[in-house]
Amino acid sequence: MSQSPTAAGTSPGEAAAAGTGAGTAIGAETAGGEAPGGDKAVGGDMAAGGTEAVTANPPPAGSRLTATWRATPAQVRATLVGLLLLVIGLLLRRPDAIAFAAPLLVIAAWALATRPERAPVVHAWVRHTVLREGQTTAWTTTVERGPGVEELGVSLLRTPFVRTTPTSRAVAAALSPTGTTARLDVLAQSTRWGHRTLGPASTAVSGPFGAFMWQPEPVRSAPVTTVPLPDHFSARTAVPHPDGLVGRSRSAHLGDGGELADIRPFRFGDRLRRVHWPVSVRTGTLHVTATHADQDSEILLLVDAMHDLGADTGLTDAGLADEERRTGTSLDNSVRAAGAIAEHYLRTGDRVGLIVLGTKDLPPLAARAGNNHLRRVLDVLARVRPGDNTVSDEKRLRSQLRHRVGAGTLVVLLTPAVSTDVIAHAVSLSRRGLSVVVVDTLPAEFATPDLPPERLAELTAVDEHAKGAPLAWRLRLMERERELTRARESGVPIVPWIGPGTLDLVLRDLGRRARAPRVVSR
């Protein structure tokens, strides 16, 4: 029997990889994107760490693993084979059998004599529980070195939309006798927004000769939230109807602001700093400048989650440009676009509300301002799930469409435009005098009836080999175009999502329309 742990039988890395089961949940180091001591979640791929000394950031509570030392199959096999050969040699007077049995029995006895007496102190946890798409966290396992602890192995089962380093999702290392604590890291990069749990992960610690193994039950991590990575978005045109108190949007009313509205004669109560001296000197009477008031606006984001068209593979290689990294579905486009619009307007001081249509257990977010509200918006977007197209989903959608919208609110509806109820709701809001913009989030490659069968299988419930699949999708596109045409004829602008500048032309036209007389149904 060799003195190598791997030669004695199953190594900790192989034993950890063989562990299965649902497992139990373990704790996490931090609930944010930054761990104590400056340990931050990073973007892109990283190299998996080996054993190293741990001097800071103690493991969180509830992360310790428990198990008992057990003999490995190699130890049992070496003992039984050695005894069998010894008995055969003594009964049949075969010295060669005794010669074969001697090393097996000696090493088995030596391993039994040096068997670890106490369980090692092992902790396992996930470094971060909140990430952005493309960021990397680590499944960390630490063990305190002690007598009889020679090798540590960790293995994770595959998790959807998680790219691990190493790709085998298993690491193992021999522990040196120096130092106090060793650590192993399996790096995990989240490639798509949503809630998911890493693992289950199996951990194994081996003793001398690999004769005894300490292996707890597989464990799962605490839920890891991956918030969407917003697309690039910017808008240079102001919102048509700002109605708040303090903001950066130009109001139609006169007041304190930075944009010139008019130069008029001085009236009692005007501030002296408003005096326009060139005009006053030329006319001989005091004139002052009048400015438009700066107010904040209210933006209501409506995300249509009734349908999710397409198949998502998450973010591709980090080396590609941002425009090339996103190969998402219609719901991915809606979620990322909603995050981009919310981030832009919240950073300019406006108020943003959010309602997800067709998803249960997601309450609407009232319009608020500030960075904390941006975090709440991204958390809600990370929990979006597409509808099941059932009767209950349709009833829930009708009840969600009866929400209240304040006067002057800019309503941005992000939808693939395949639900007639959602498009009709946009038309209804526009007829009430509200500014409504429909953003078409259907991927451009799906807006054509000439699709290959494998792509049709992602869009329709018809089998990809059925002859009716192209006809079904062609009919759906015709119905979609009919509803969009009706909406345009009713005065609802519809624009495809292109990132920066998506809403500029539409908001400028809405501003001009707001200043023109119109008939509004009450």
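# Sheets and helix α8 in a predicted model

Reader: In what order do the six strands form an open sheet?
Author: In this predicted model, the pairing within that open sheet is mixed. Strands (E, at least two residues) and helices (H or I, at least four) are DSSP runs numbered from the N terminus, and two strands pair if DSSP finds at least two bridges between them. Read across the sheet, the order of the six strands is β23-β22-β21-β24-β25-β26.

Reader: Which strands are the edge strands of this sheet?
Author: Residues are numbered from 1 along each chain as its sequence is written, and side-chain values use heavy atoms, without hydrogens and water. Because the model is predicted, local features need pLDDT of at least 70 and side-chain atom pairs count only at pLDDT 80 or more, while totals for chains, interfaces and linings use all residues. An edge strand here pairs on one side only, and this holds for β23 (365–368) and β26 (494–496).

Reader: By how many degrees are neighbouring strands of this sheet turned against each other on average?
Author: Angles are taken between N-to-C directions, from 0 to 180 degrees, along lines fitted to C-alpha atoms, for helices over the stretch in contact (heavy atoms within 4.5 Å). For neighbouring strands of this six-stranded sheet, with direction ignored, the average turn is 20 degrees.

Reader: What is the bridge partner of L413 in β25?
Author: Strand β24 covers residues 410–415 and runs parallel to strand β25, residues 435–440, with six bridges joining the two. In β25, the residue bridged to L413 is V438.

Reader: In what order do the three strands form an open sheet?
Author: This open sheet also has mixed pairing, and its edge strands, β8 (130–132) and β14 (194–196), each pair on one side only. From one strand to the next, the twist averages 25 degrees. The three strands stand in the order β8-β18-β14.

Reader: Which residue of β18 is the bridge partner of L131?
Author: Strand β18 takes in residues 224–227, and three bridges link it to β8 in the parallel sense. Within β18, the bridge partner of L131 is T226.

Reader: At about how many degrees to β18 does α8 run?
Author: Helix α8, residues 371–382, lies across β21 (298–304), β22 (351–357) and β23, and runs at about 150 degrees to β23. Helix α8 also lies across β8, β14 and β18. Relative to β18, its direction is at about 110 degrees.

Reader: How many helices and strands does the secondary structure of the chain come to?
Author: The chain has 522 residues. Its secondary structure comes to 13 helices and 26 strands.

Notes:
Buried means under 20% relative accessible area, exposed over 50%, partly exposed in between (1.4 Å probe, protein chains only).
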